There are 2 protein chains.
Amino acid sequence: MSNTRGVPGGDSRRNAFYAQSGGVTAVINATACGVIETARRHGDRIGKVFAGRNGILGALCEELIDTSRETPAAIAALRETPGGAFGSCRYKLAPPEKDEREYARLMAVFRAHDIGYFFYNGGGDSQDTAHKVAELGEREGYPIACIGIPKTVDNDLPLTDTCPGFGSVAKYVAVSIREAALDVASMCETSTKVFILEVMGRHAGWIAAAAGLAQHDRHDAPHLILFPETPFDEEDFLKKVRETVEANGYCVIAASEGTRYADGRFLAEAGTRDAFGHAQLGGVAPVLAEIVNSALGYKYHWAVADYLQRSARHIASGIDVEQAYAVGEAAVEFALAGKNAVMTAVVRTCDKPYGWRIGEAPLKRVANVERRMPKAYIRKDGYGITAAARRYLEPLIAGEAYPRYVNGLPNYVSLKNALAPKKLEPWAA
Amino acid sequence: MSNTRGVPGGDSRRNAFYAQSGGVTAVINATACGVIETARRHGDRIGKVFAGRNGILGALCEELIDTSRETPAAIAALRETPGGAFGSCRYKLAPPEKDEREYARLMAVFRAHDIGYFFYNGGGDSQDTAHKVAELGEREGYPIACIGIPKTVDNDLPLTDTCPGFGSVAKYVAVSIREAALDVASMCETSTKVFILEVMGRHAGWIAAAAGLAQHDRHDAPHLILFPETPFDEEDFLKKVRETVEANGYCVIAASEGTRYADGRFLAEAGTRDAFGHAQLGGVAPVLAEIVNSALGYKYHWAVADYLQRSARHIASGIDVEQAYAVGEAAVEFALAGKNAVMTAVVRTCDKPYGWRIGEAPLKRVANVERRMPKAYIRKDGYGITAAARRYLEPLIAGEAYPRYVNGLPNYVSLKNALAPKKLEPWAA
């Protein structure tokens, strides 16, 4: 613990804490790479970068991964490794007015390890945590720069043009549905006539919309997209399926896991809830297949991509990887420039040719605000995307950023993840 | 119709018929590319290559796609386009002793279009068809070179080291499970502990075995593989899942769609059958998830890759693409060399460094013979692969053969598929 902070001639370096939170993505490690490589370039002001083992739990439990133990090559390889290299978590801090204990513990850990920079990489719930930590620092008079870093395949953070992780899922979904559609088209005369791909997206249809990028004209797949935003009307859906099969010989459907009836019931409510209280979904594809088969008798197949879609680093979007790195890099630069309580953000400067730069958004305006997909992105009939959606989405899947392969498989890195020595008593939650 | 065949000074060229049969793959069009490009190089002996629209149905219905209408660039692009460019079918000819009508019709179409070469690209049922056509030509005294070309993701043809299409599914499955496992590992402390990926494979566990390539040591995913060859023992399975979660924090499972109980019942029997009489399966993953959840209470996720796995040209195996092309190229060369009633085959000359060449197998020894996976490829405990399996499988996923991308998506070709003028009365099946 430095006690010479700010003393002329003393070591003015302070340590950084970085953590990954919520569902991981194909590119969240590219952000970690951006944070750590940038911090290493500023060794005069930033000491060690400690990564929380399993997100904020790492701070609470004082399980701080000492990233200085990793080689430059290992850190560089994070750029092409999916998943969360330090572990992530679904854990939401209680509001301080309800329980101060977690906040007191965070302060103790920060003080013990001289944490002067707090980088929190996640979605809406995580930006709320970053915001609470910034308020905590202020309340306690403890100098700490809190910078949120966006991440979520759901693309639902406000004040950023997109969320790193989303572009790669979007690319995976668009590529996969184009490929599967070629398969179905080949066989439809004597075999499968209806194919359903279930994609992620509980409340917003961003990922389902991305499937629409595979469609050049209305005869191309996906012929129907089911959005959480459009109430599911079984009769109308079946009519559309029948018309499509009659016109094209087959029908390919991209269905949001969050597809729901007008009364709000999910088609595939599993009845369980995660730690944030969100309903855990899965299985809308088989439900739809059954609806189609029993009403129309068509032979069907269905796929549920589940985690495959958000971990598919092998088909990551090149621009997504770049932006994921950039929001991490900028977070460190913002902190060093004296900024606090902001999130790094992607700012679009032009649709075509696509232009972007890094900007910032105040955490208090980001936390707990969910960005919905604009109504203007969904076609009037409710089953496809508009030109405006295409204009927004297309740049986000541009470029390929292939990982290196050894013996036919991607050579993803596995870090040492050595913990820094503990200085405090164990945390009893 | 040429009537100057064999006459000195006359046109001795005869036309070729090529068709794709059964489930399509990521690389069956690479085989088509091999056939057509090679035939074009032998324009002195082969006239047009007609492709059957929807496989053998194209011959019966006299729907012959005139591939000479396609540009060299379009044909070359087949090499990187998944699905069956000319349409495939699930249609099995009745045995001639049961119904001669189909065979009489084939002869009429062949005569009308001067078909001297018959290239049939498919799995076991299709090689049986090729064999029957060869016998038909002999019986009728009609000169036709019948060459079978192997294709099947199931890898179950005998007398060939592997079946084009399999290597690419194998790579897709191994890459996908490695990626998803990194996702699960990141989150297991507070979220999903068990992840199940359902893969194709009704009777043989070749594809499930390929998932095992992602495992370096026993702590790596996939921790458990469920093969159709190993009777499913629920109690033992649950014990293994619990032990794995207790040791590693999470458990990743690759499950064959054909996973079955000791009495032969599939875990996910859908009750429907396809045109060949095979049971149509799907949904073993959710069944397993339910078994795990109700006995052990672990949070789970599951994915069903379905057609995504066999159409994923974006992550095709480089060696698979090469071999798919080569079996097509060799089929034409064999026919021109006077061979008949054989299938082109891949012959392995060395495991490491991997060596292979093209060989041949008599159709009568290929037809209706299913190659099972050797027992020696499954680990003694039934849940993993052996070193022998790895030695066999690893070369088959080597190399990447990326398609070209435009605007972030693979630029797959769509052919004109113009039909040759019909010369016969319509076929009434």
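In what order do the seven strands of the open sheet of chain B stand? The order is β3-β2-β1-β4-β5-β12-β13, and the pairing is mixed. This is a predicted model, in which local features need pLDDT of at least 70, side-chain atom pairs count only at pLDDT 80 or more, and totals for chains, interfaces and linings use all residues. Residues are numbered from 1 along each chain as its sequence is written, while chains are lettered from A and ligands numbered from 1 in the order in which they are written.

## The sheet of chain B

Some terms come first. Helices (H or I, at least four residues) and strands (E, at least two) are DSSP runs, numbered from the N terminus. Two strands pair if DSSP finds at least two bridges between them. Strands of a sheet pair through backbone hydrogen bonds, either parallel or antiparallel.

Back to the open sheet. β3 (64-66) and β13 (354-362) of chain B stand at its edges. Each has a single partner strand, so one side of each lacks a neighbour in the sheet. On average, neighbouring strands are turned by 30 degrees against each other, direction ignored.

Inside the sheet, β5 (residues 145-150) and β12 (residues 342-351) of chain B pair in the parallel sense over two bridges. B:I147 has B:V342 in β12(B) as its bridge partner. Helix α1 (residues 28-41) of chain B lies across β1 (14-20), β2 (46-52), β4 (115-122) and β5 of that chain. It runs at about 175 degrees to β1(B). Axes are lines fitted to C-alpha atoms, for helices over the stretch in contact, and angles run from 0 to 180 degrees between N-to-C directions.

## A hairpin in chain A

In chain A, β12 (residues 342-351) and β13 (residues 354-362) pair in the antiparallel sense over nine bridges. A:V346 stands opposite A:I358 in β13(A). The two strands form a hairpin with two residues between them. A:P353 is found in the loop between β12 and β13 of chain A. A cis peptide bond joins A:K352 and A:P353, with omega about 0 degrees.

## Crossing helices

How do α8 (residues 234-248) and α9 (residues 284-296) of chain A cross? Their axes come within 11 Å and cross at roughly 70 degrees. That makes α8(A) roughly perpendicular to α9(A). For such labels, angles under 35 degrees count as roughly parallel, over 145 as roughly antiparallel, 65 to 115 as roughly perpendicular and the rest as oblique.

A:E234, A:L238, A:V241 and A:R242 in α8(A) meet A:I291, A:V292, A:A295 and A:L296 in α9(A). Residues are in contact if their C-beta atoms, placed from the backbone, lie within 7 Å. This contact divides into six nonpolar, no polar and two charged residues. Ala, Val, Leu, Ile, Met, Phe, Trp, Tyr, Cys and Pro count as nonpolar, Asp, Glu, Lys and Arg as charged, and the others, Gly among them, as polar.

## Loop residues

Most residues other than glycine have a negative phi, and most peptide bonds are trans. The table lists two residues with a positive phi.

| Residue | Phi | Loop |
|---|---|---|
| A:N54 | near 65 degrees | between β2 (46-52) and α2 (56-60) of chain A |
| B:N54 | near 60 degrees | between β2 and α2 (56-60) of chain B |

Is A:N54 buried or exposed? A:N54 is buried, with 28 other C-beta atoms within 10 Å. A residue is buried if 20 or more other C-beta atoms lie within 10 Å of its own, exposed if 12 or fewer, and partly exposed in between, with C-beta atoms placed from the backbone. B:N54 also counts as buried, with 28 C-beta neighbours inside 10 Å.

A:V27 sits in the loop between β1 (14-20) and α1 (28-41) of chain A. A:V27 is buried, with 34 other C-beta atoms within 10 Å. Leaving out residues up to four places away in sequence, A:V27 touches several residues, including A:P164, A:S168 and A:D320.

## How the chains meet

The contact takes 60 residues from chain B and 60 residues from chain A. On the side of chain B that touches chain A, α6(B) gives the most, with 13 residues. That side divides into 31 nonpolar, 17 polar and twelve charged residues.

A turn of 180 degrees and a shift of 0.0 Å along the axis lay chain B on chain A with an RMSD of 0.0 Å. That is the relation of a two-fold axis. Copies are superposed by least squares on the C-alpha atoms of residues with pLDDT of at least 70 in both. In chain B, the C-alpha of B:V304 is nearest the axis, 2.5 Å from it. The same surface serves both copies, as 100% of the contact residues of chain B recur in chain A.

Technical notes
Contact = placed C-beta atoms within 7 Å.
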